[in-house]
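Where does this predicted model leave open space, and what lines it? The report below takes the pockets in turn.

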Amino acid sequence: MSLRVPQIRHDDSDELAALCKAGGDPLRLNVLRVLANDSFGVLELAQIFATGQSGMSHHLKVLAQANLVATRREGNAIFYRRALAQNERVGGMLHAALLAEVDELELPAEIAGRIAEVHAQREAVSRDFFARAAEKFQAQQDLIAGLPQYRDSVLALLDALAFEPGATALEVGPGDGGFLPDLARRFSRVTALDNSPAMLELARMRCNDEGLGNVELRLTDALNDEQAAADCVVLNMVLHHFAAPADAMKQLAQRVQPGGALLVTELCSHNQSWAREACGDLWLGFEQDDLARWANAAGLTPGESLYIGLRNGFQIQVRHFAKPDSRSELTHR
């Protein structure tokens with residue numbers, strides 16, 4: 001008499017079990033909390049949680065198997081980020097509820113401190129690059145996407161917004177100042193911020209040559225130092241140099257006057273890792289949905305978007321994000 005071995009059928013309960021298993025560890029929950037608006041490599045996460053790389057790799061594997069984290073390749077490095085919940089999938093509602101609870105967690109002070117250390121290390125890499133390569137930066141940037149390739153698109157979007165006379169503008173990371181004459185002609189006062197003395201000197205030379213009397217240049221940290229808000233904040237090919245782009249969007253949203261606009265020109269996500277060495281890029285472009293999600297989290301509303309395909313394989317996204325004016329909303333009620 002032969003015994004029949006029961007067939008084990010994997011069903012939807014396996015996905016739910018994987019999700020419950022992934023959420024059943026305090027360290028993994030804190031990893032999800034850390035990845036709320038940031039991406040980190042396994043070595044960075046190991047540094048943040050003061051644990052070994054192999055142990056962190058194991059936790060990330062469990063989270064990935066439960067579809068709680070996703071990966072993105074940046075050159076030779078792999079960065080982890082939170083995967084968005086998809087309610088139509090099995091466990092989607094549980095996934096969303098778990099992330100909502102995780103976001104209520106308060107990170108231990110030592111973990112927050114080590115996140116700041118990782119960000120500082122990224123920022124140091126960016127500052128060192130601009131200190132070494134300021135004079136040749138523009139030529140290298142032109143290999144990817146120079147200002148002439150997207151200037152008209154940015155200006156068309158800017159002019160369509162029809163700012164009132166007397167409006168002010170703030171450009172973060174003006175580079176050699178190539179866009180400052182365009183801003184100076186459209187706004188009563190323009191402020192340009194940069195944390196690189198070498199790059200700011202190039203912008204100063206441009207302003208002197210063009211006679212831009214309504215432009216003020218400041219050597220400062222655009223994110224952390226106190227700045228007056230402006231009606232229009234402009235970032236041209238700058239966001240990919242920030243250590244934490246989502247946090248940068250949140251800080252920059254505070255620099256926008258109610259009813260004003262944040263204009264971001266950026267590369268779409270790409271895999272041409274040579275841009276890191278040539279132009280000091282910390283990030284290889286961004287997904288369009290990521291910028292919209294970060295803007296929403298910062299209290300901004302996505303507006304018009306333009307996309308420019310370049311012959312070298314790169315694609316540029318020109319994005320407008322509006323800051324709602326609560327005062328006008330109250331007036332119209």
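Nonpolar residues number 19 in the lining of the largest pocket, beside 14 polar and 11 charged ones. The pocket holds about 940 Å³ of space. Its lining counts 44 residues, and those closest to the centre are V172, G173, V238, H241 and F242. Five elements are listed as giving two or more residues to this lining: α6 (109-145), β4 (168-172), β5 (189-194), α9 (197-210) and α10 (245-253). The top contributor is α6, with 10 residues.

The second largest pocket holds about 390 Å³ of space. A lining of 18 residues surrounds this space, and A77, F79, V125, R276 and L282 are the closest to the centre. By class, the lining splits into nine nonpolar, two polar and seven charged residues. At least two residues come from each of α3 (42-48), β3 (77-82), α6 and α11 (274-279). Here α6 again gives the most, with four residues.

Which domains supply the lining of the second largest pocket? Domain 1 (12-107) and domain 2 (136-323) each give at least three residues.

The table sets out the two pockets by volume, lining and the share from α6.

| Pocket | Volume | Lining | From α6 |
|---|---|---|---|
| Largest pocket | about 940 Å³ | 44 residues | 10 residues |
| Second largest pocket | about 390 Å³ | 18 residues | four residues |

Technical notes. Residues are numbered from 1 along each chain as its sequence is written. This is a predicted model: local features need pLDDT of at least 70, side-chain atom pairs count only at pLDDT 80 or more; totals for chains, interfaces and linings use all residues. Side-chain values use heavy atoms; hydrogens and water are left out. On a 1 Å grid over the protein atoms alone, a cavity is a set of points where a 1.4 Å probe fits but cannot get out, and a pocket is an open set with protein on both sides within 12 Å along at least five of seven lines; lining residues have an atom within 4 Å of a point. Grid points are joined across faces, edges and corners, and a volume is the space filled by probe spheres set on the points. Ala, Val, Leu, Ile, Met, Phe, Trp, Tyr, Cys and Pro count as nonpolar, Asp, Glu, Lys and Arg as charged, and the others, Gly among them, as polar. Domain bounds come from an automatic or database domain assignment.
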